[in-house]
Amino acid sequence: MKPLIVLLSSFVIAIFVVKIFKKEYDFASSARIAMSIMLCFTAIGHFVFTKGMSMMIPQFIPFKTSFVYLTGLFEILLAVGLIIPKLKVISGWTLIIFLLLMLPTNIYASIHNINYQKGTFDGHGLSYLWFRIPLQFLFMVWTYVSSIRIL
């Protein structure tokens, strides 16, 4: 829920800030700025909730903590790439693929009731997927429309 709130509130703020600087509305740029802010917000979670996020990774995958740190850094790089005009398309496609690849991790965490913020097994469970899966697809569509197929 928090990433969605960050995305939408950042988008509203970005619309007005971009209007002030460009003297016109630029919804695509505002949407990319908002997605970049949201990605930085979620990347912070990789460094703050490392233990819980490591628990979200299936047992057969080694180096879980390193993987969590690397994906956090990757989110920051994608956030920067979305802002740079020459990199927005490749960053957009890369982000969509990244979001698709991370979806099984969210499913695994829900099946195992992982609360990534506490690093415990008292999470929301499968009911969380009713929100998380549509949210993940919203992020993908948002990225596609604002970075690849510009409005």
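L7 is in contact with A34, M35, M38, F139 and W142, when residues up to four places away in sequence are left aside. In this predicted model, L7 also belongs to the largest nonpolar core, a set of 22 residues in which L7, M35, L39, L95, F139 and W142 have the most contacts. Two or more residues of this core come from each of helix 1 (2-22), helix 2 (27-48), helix 4 (64-83), helix 5 and helix 6 (129-148). Apart from that core lies another one, made of eight residues, among them M55, M56, I57 and A109. In soluble globular proteins, nonpolar side chains tend to be buried together.

Helix 1, in which L7 is one of the buried residues, also buries P3, L4, V6, S10, F11, A14, I15 and V18. These buried residues pack against helix 2 and helix 6. The helix has 21 residues and reaches 29 Å from its first C-alpha to its last, which is close to the 30 Å expected at 1.5 Å a residue.

Helix 5, which covers residues 88-111, can be checked in a similar way: its 24 residues should span 34 Å at 1.5 Å a residue, and because its end C-alpha atoms are 34 Å apart, the expected and computed values agree. Helix 5 nevertheless bends by about 25° at M102, and a proline, P104, follows within four residues.

Positive phi values occur at several places in the chain. K23 takes such a value just after helix 1, and this residue is found in the loop between helix 1 and helix 2. N113 takes a positive phi just after helix 5, while F63, which lies in the loop between helix 3 (50-55) and helix 4, has a positive phi although it is a residue other than glycine. K23, too, is not a glycine. The values are set out below.

| Residue | Phi |
|---|---|
| K23 | about 65° |
| F63 | near 55° |
| N113 | about 55° |

Are K23 and F63 buried or exposed? K23 has a relative accessible area of 66%, and because this is over 50% it counts as exposed. F63 likewise has a relative accessible area of 66% and is therefore exposed.

The structure holds six aromatic pairs. One of them joins Y25 and F27, whose rings are stacked, with 5.9 Å from centre to centre and 10° between the planes. Y25 has a relative accessible area of 46% and so counts as partly exposed, and F27, at 42% relative accessibility, is partly exposed as well. The ring of Y25 has a further neighbour, since the charged end of K19 sits over it, 5.1 Å from its centre.

A last residue to consider is G45, which lies in helix 2. Why does G45 count as buried? Its relative accessibility is 11%, and because buried means under 20%, G45 falls into that class. G45 touches T50 and M53, not counting residues up to four places away in sequence. The C-alpha atoms of G45 and Y69 are separated by 9.7 Å, although the two residues are 24 residues apart along the chain.

How values were computed
Residues are numbered from 1 along each chain as its sequence is written. This is a predicted model: local features need pLDDT of at least 70, side-chain atom pairs count only at pLDDT 80 or more; totals for chains, interfaces and linings use all residues. Side-chain values use heavy atoms; hydrogens and water are left out. The expected span of a helix is 1.5 Å times one less than its number of residues. The bend at a residue is the angle between axes fitted to the seven residues ending there and the seven starting there. Rings of Phe, Tyr and Trp (its six-membered ring) pair if their centres lie within 6.5 Å; planes under 30 degrees apart count as stacked, over 60 as edge-to-face and the rest as tilted. Buried means under 20% relative accessible area, exposed over 50%, partly exposed in between (1.4 Å probe, protein chains only). A charge sits over a ring if NZ of Lys or CZ of Arg is within 6 Å of the ring centre and within 35 degrees of the ring normal. A nonpolar core is a set of buried Ala, Val, Leu, Ile, Met, Phe, Trp, Tyr and Cys residues joined through side-chain atoms within 4.5 Å. Contact means heavy atoms within 4.5 Å.
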